[in-house]
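These are my notebook entries on one structure, written down in the order in which I looked things up.

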Amino acid sequence: MRHYPLYKIDDVCLHRLGAGVINTYNLTDITNLDTEKAINKECQDLLALNDDCTSDDFIELRQRRNISDNVPDDDLFA
């Protein structure tokens, strides 16, 4: 994945994505699992990947790496 555009995601899509990630795990041996809590924690983890992805952070990145202002923010993600 070239971009990580989750900074634009809405709550409904984020919840669906978190639920999809949780559904990839084998959770059969876990008793009393609060699935909704697990999904919310997964969503927090997904959103944490957006840290340092603000306009100010991109300005600093452009200056540090001598990147043109013509390069869109979406192209600056890891």
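**Entry on Arg62.** I began with Arg62, which counts as buried because its relative accessibility is 10%, where buried means under 20% relative accessible area, exposed over 50%, and partly exposed in between (1.4 Å probe, protein chains only). Arg62 lies in helix H3; helices here are DSSP runs of H or I with at least four residues, strands are runs of E with at least two, and both are numbered from the N terminus. I then listed what Arg62 touches, leaving out residues up to four places away in sequence, and found Ile67, Ser68, Asp69, Val71, Pro72, Asp73 and Leu76, a contact being heavy atoms within 4.5 Å.

**Entry on the model.** I noted early that this is a predicted model, in which local features need pLDDT of at least 70 and side-chain atom pairs count only at pLDDT 80 or more, whereas totals for chains, interfaces and linings use all residues. Residues are numbered from 1 along each chain as its sequence is written, and side-chain values use heavy atoms, with hydrogens and water left out.

**Entry on salt bridges.** How many salt bridges does the count come to? I found two, taking a salt bridge as a side-chain nitrogen of Lys or Arg within 4 Å of a carboxyl oxygen of Asp or Glu. One of them joins Asp73 to Arg62, with the closest N and O atoms 3.0 Å apart. Asp73 lies in the segment after H3 and Arg62 in helix H3, so this pair ties together parts that are 11 residues apart in sequence. Asp73 is partly exposed, since its relative accessible area is 27%.

I turned next to the salt bridge between the side chains of Arg64 and Glu60, where N and O are 3.2 Å apart. Both residues lie in helix H3 (residues 55-65), four residues apart, which is about one turn of the helix. Arg64 counts as exposed because its relative accessibility is 54%, and Glu60 counts as partly exposed because its value is 47%.

**Entry on the chain as a whole.** I stepped back and counted three helices and zero strands, which read along the sequence as the pattern α-α-α. Of the 78 residues in the chain, 23% are buried. Among contacts in the chain with a separation of 6 or more, 56% come from residues 24 or more positions apart. I put the accessible surface of the chain at about 6100 Å², with 50% of that belonging to carbon and sulfur atoms; these areas come from the Shrake-Rupley method with a 1.4 Å probe, and for residues only the protein chains shown count as cover.

**Entry on H1.** I checked the length of H1 (residues 11-22), whose 12 residues should span 16 Å at 1.5 Å a residue, and the end C-alpha atoms are indeed 16 Å apart; the expected span is 1.5 Å times one less than the number of residues. Which residues of H1 are buried? I listed Leu14, Gly18, Ala19 and Ile22. They cover an arc of only 135° around the axis, which puts them on the same side of H1, the arc being that of the directions from the helix axis to the C-beta atoms. These buried residues pack against helix H2 (35-48), while the face turned away from the buried side carries the exposed residues Val12 and Arg16. At the N-terminal end of H1 I found Asp10 as a cap, with a side-chain oxygen 3.1 Å from the backbone nitrogen of Val12.

**Entry on H2.** I gave H2 the same kind of check: with 14 residues, H2 reaches 20 Å from its first C-alpha to its last, close to the 20 Å expected at 1.5 Å a residue. The buried residues of H2 are Ala38, Ile39, Glu42, Cys43 and Leu46. Seen down the axis of H2, they fall within an arc of 140°, so they line one face of the helix. What covers them includes H1. At the start of H2, a side-chain oxygen of Asp34 comes to within 3.3 Å of the backbone nitrogen of Glu36.

**Entry on two asparagines.** I closed with the backbone angles, where Asn32 has a positive phi of about 55° although it is not a glycine. Asn32 sits in the loop between H1 and H2 and is exposed, given its relative accessible area of 80%. Asn66 likewise has a positive phi of about 55° without being a glycine. I located Asn66 in the segment after H3, and at 72% relative accessibility Asn66 counts as exposed.

Terms used:
A polar contact is a pair of N or O atoms within 3.5 Å; within protein, one must be able to donate a hydrogen and the other to accept it, and residues adjacent in sequence count only if both atoms are side-chain atoms.
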